[in-house]
Amino acid sequence: MRKLVAVALLALYATSAHSEYLYGISGNMAGAGHTWGMNGIGPGNTRGLRVNGVFYQYTPVKNTEDDMVVHVRNKRVGGGYIFSSTDDWSGLPGGIPITKGFIIDNLPIELWGDGSIDVEGTGSVIDANVVYSYKYNNDCLTPMSDPSCPGYAEAVLGMMGKIDVTTYDPMDDKNITDVLKEKADLEADSEQDEEDEDSDRLERILSGVDESVLTANIISQNRLMYSLTRNSNMNPYYIKKLAGGVYKETVVLDGGNLPDNKKGARAGLAQQILHTKMVSMQYDPKE
Amino acid sequence: MKKLLVAGLVLAVHIPAFATDTPIVGNVQTRCLITTDTNGVFGNPLPSKLSTASADGGVVPVVRYDVTLADAYLAKVTTPTAFSASPSLSDSVTWTGSTAVSKTSDAAMSGYEAAKVTYGSTTQFDLTKAGSTWFSSTATAVYGVSKSFPGGSYTAIVLAECIAK
């Protein structure tokens, strides 16, 4: 039964799947230092986030005669670099900001490792600003939006754990056990009594089985309806109680005696006399 | 008579001369694009002074040159020497200005600043690399001898040109 309910819920959630790309730009990833992780870009729990642009700016601080090379890059998960841009400032004056933008071919975020600004030689980098642009699917903002979303199964099972799922065991059903017990008793009864009572007991057996099947259907229907309306908190309605709990009879018969309705009796008698007269008219001789 | 008519028709057919004009079309795509990156604003730190310097409450105008062909263009930026629009002024205005490289898209462009040539109010840069270069210009106007500018709106123009070498 638990499996059936889970499958039903999975099917229900699967019907709401859709795809639409949204676009965004990260903040300055190099704001807190010259190394950064890529977990912070984009809204959380998105599926298929892809980086489609890198923009950076910094100001080199160096003497013209010094050699300095600046690398702005991201490691590739698994080895190497997925993005790397090198500026060779050797023999060039510093102090003038450099800004660059790169179009990236929608590389999945899963490939992007930590980013860094590395300086080789004599000099430093100030006012660094590294920004990533990206696109992503919006259909996994909640894991249960789509069965293909990461964490979908865990989310559904987690929600199942919050629902008090009571399994239906026919052998625990009093109606079933009573019927089975009665059936066993039937075998011990005499054949004469069996013939007389067979039809009556069969009706009761069928009635009990029908009632059990009906109960099982009601339970499963209730579970299905509960899963469909789980977002609506029905508790506020359940806890409502009648004031006082009992509605008592308020109509009191004055005197406790109901006299005959003589007027009504007369009207009824007159109607009856008229009816009799009309019926008897058919037997009147024709003129 | 019939023969003459036929001869006349033949002549008439051959009288129009066929001639065609074949055009030659070519498009020259610009390889130097100038874009205003930031509009300048005058600050008024003193009654007699208007300045784009941020320290004076102004905003420095920035113009961007996008060059796709290296070593083919000169960038000429001229700071203003007069108001293009202002209230009526009865005294002279003294202008000072300068232009500098404020940002580049290539490390090699950092040498533009050291190699710039200034004459009058014009600063010339040799765009030896392909890419984008941002130039910022400061402009200061002082009215008379510590004379207050009349109230009103003042507008001045920074002229940015891209000259093919």
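**Exercise 1. Pairing around β9(B)**

Which residue is the bridge partner of Thr118(B) in β9(B)? Use the predicted model to place β9(B) among its neighbouring strands.

*Solution.*
Step 1. Thr118(B) has Thr123(B) as its bridge partner in β9(B).
Step 2. This bridge belongs to the pairing of strand β8 (residues 117-119) of chain B with β9(B), which is antiparallel and has three bridges.
Step 3. Two residues separate β8(B) and β9(B), and the two strands form a hairpin. In its turn, Gly120(B) has a positive phi of about 60°.
Step 4. β9(B) is also joined by six bridges to strand β5 (residues 73-78) of chain B, again running antiparallel. Within β9(B), Thr122(B) is the bridge partner of Thr78(B).
Step 5. In a regular strand, side chains alternate between the two faces of the sheet. In β9(B), the covered face holds Thr123(B), Phe125(B) and Leu127(B), whereas Thr122(B), Gln124(B) and Asp126(B) form the uncovered one.

**Exercise 2. Confidence in chain B**

Determine which element of chain B has the lowest mean pLDDT and which has the highest.

*Solution.*
Step 1. Chain B averages a pLDDT of 88, and 90% of the residues score at least 70.
Step 2. Among the elements of chain B, helix α1 (residues 2-14) has the lowest mean, 45, and strand β9 (residues 122-127) the highest, 96.
Step 3. The pLDDT is below 50 over residues 4-13 of chain B, and this stretch has zero contacts in the model beyond near neighbours in sequence.
Step 4. Where pLDDT is low, the predicted coordinates should not be read in detail.
Step 5. For the model, the scores are ipTM 0.71 and pTM 0.58.

**Exercise 3. The sheet of chain A**

State the order of the four strands in the open sheet of chain A and identify its edge strands.

*Solution.*
Step 1. Chain A contains six helices and eight strands. Along the sequence their pattern is α-β-β-β-β-β-β-β-β-α-α-α-α-α.
Step 2. The four strands of the open sheet are arranged as β2-β7-β4-β5 (chain A), with antiparallel pairing.
Step 3. β2 (35-36) and β5 of chain A are the edge strands, each pairing on one side only.
Step 4. At the β2 edge, two bridges join β2(A) to β7(A), and Thr35(A) stands opposite Ser116(A) in β7(A).
Step 5. At the β5 edge, β4(A) and β5(A) are joined by seven bridges; one pair consists of Lys75(A) and Tyr81(A).
Step 6. β4(A) and β5(A) form a hairpin with four residues between them, and Gly78(A) in the turn has a positive phi of about 110°.

**Exercise 4. Two loop residues of chain A**

Classify Thr122(A) and Asn39(A) by exposure, and name a residue distant in sequence that approaches each in space.

*Solution.*
Step 1. Thr122(A) lies in the loop between β7 (112-121) and β8 of chain A. A residue is partly exposed when its count falls between 12 and 20, so Thr122(A), with 13 other C-beta atoms within 10 Å, is partly exposed.
Step 2. Lys62(A) is 60 residues from Thr122(A) in sequence but 6.9 Å from it in space, C-alpha to C-alpha. The contacts of Thr122(A) include Lys62(A), Asp66(A) and Met68(A).
Step 3. Asn39(A) is located in the loop between β2 and β3 of chain A. Asn39(A) counts as exposed because it has 10 C-beta neighbours inside 10 Å.
Step 4. Asn39(A) and Asp114(A) lie 75 residues apart in sequence and 9.0 Å apart in space, C-alpha to C-alpha.

**Exercise 5. Cores, helix α6(A) and the interface**

Locate the largest nonpolar core, contrast it with helix α6(A), and describe the contact between the chains.

*Solution.*
Step 1. The largest nonpolar core has 25 residues; Met29(A), Trp89(A) and Tyr132(A) are among those with the most contacts inside it. Strands β3 (47-61), β4 (68-76), β5 (81-88) and β8 (124-137) of chain A each supply at least two of its residues.
Step 2. Another core, of 15 residues, lies apart from it and includes Val63(B), Tyr73(B) and Phe125(B).
Step 3. Tyr132(A) touches residues including Ser26(A), Met29(A) and Val54(A).
Step 4. Helix α6 (residues 262-280) of chain A is hardly covered, with zero buried residues among its 19. The helix reaches 27 Å from its first C-alpha to its last.
Step 5. Ten residues from chain B and ten residues from chain A make up the contact. On the chain B side, four are nonpolar, four polar and two charged.

Terms used
Residues are numbered from 1 along each chain as its sequence is written. Chains are lettered from A and ligands numbered from 1 in the order in which they are written. This is a predicted model: local features need pLDDT of at least 70, side-chain atom pairs count only at pLDDT 80 or more; totals for chains, interfaces and linings use all residues. Two residues are in contact if their C-beta atoms, placed from the backbone, lie within 7 Å. Ala, Val, Leu, Ile, Met, Phe, Trp, Tyr, Cys and Pro count as nonpolar, Asp, Glu, Lys and Arg as charged, and the others, Gly among them, as polar. A nonpolar core is a set of buried Ala, Val, Leu, Ile, Met, Phe, Trp, Tyr and Cys residues joined through C-beta atoms within 7 Å. Two strands pair if DSSP finds at least two bridges between them. pLDDT is the predictor's confidence in each residue, from 0 to 100. The expected span of a helix is 1.5 Å times one less than its number of residues. Lists of a residue's contacts leave out its neighbours within four places in sequence.
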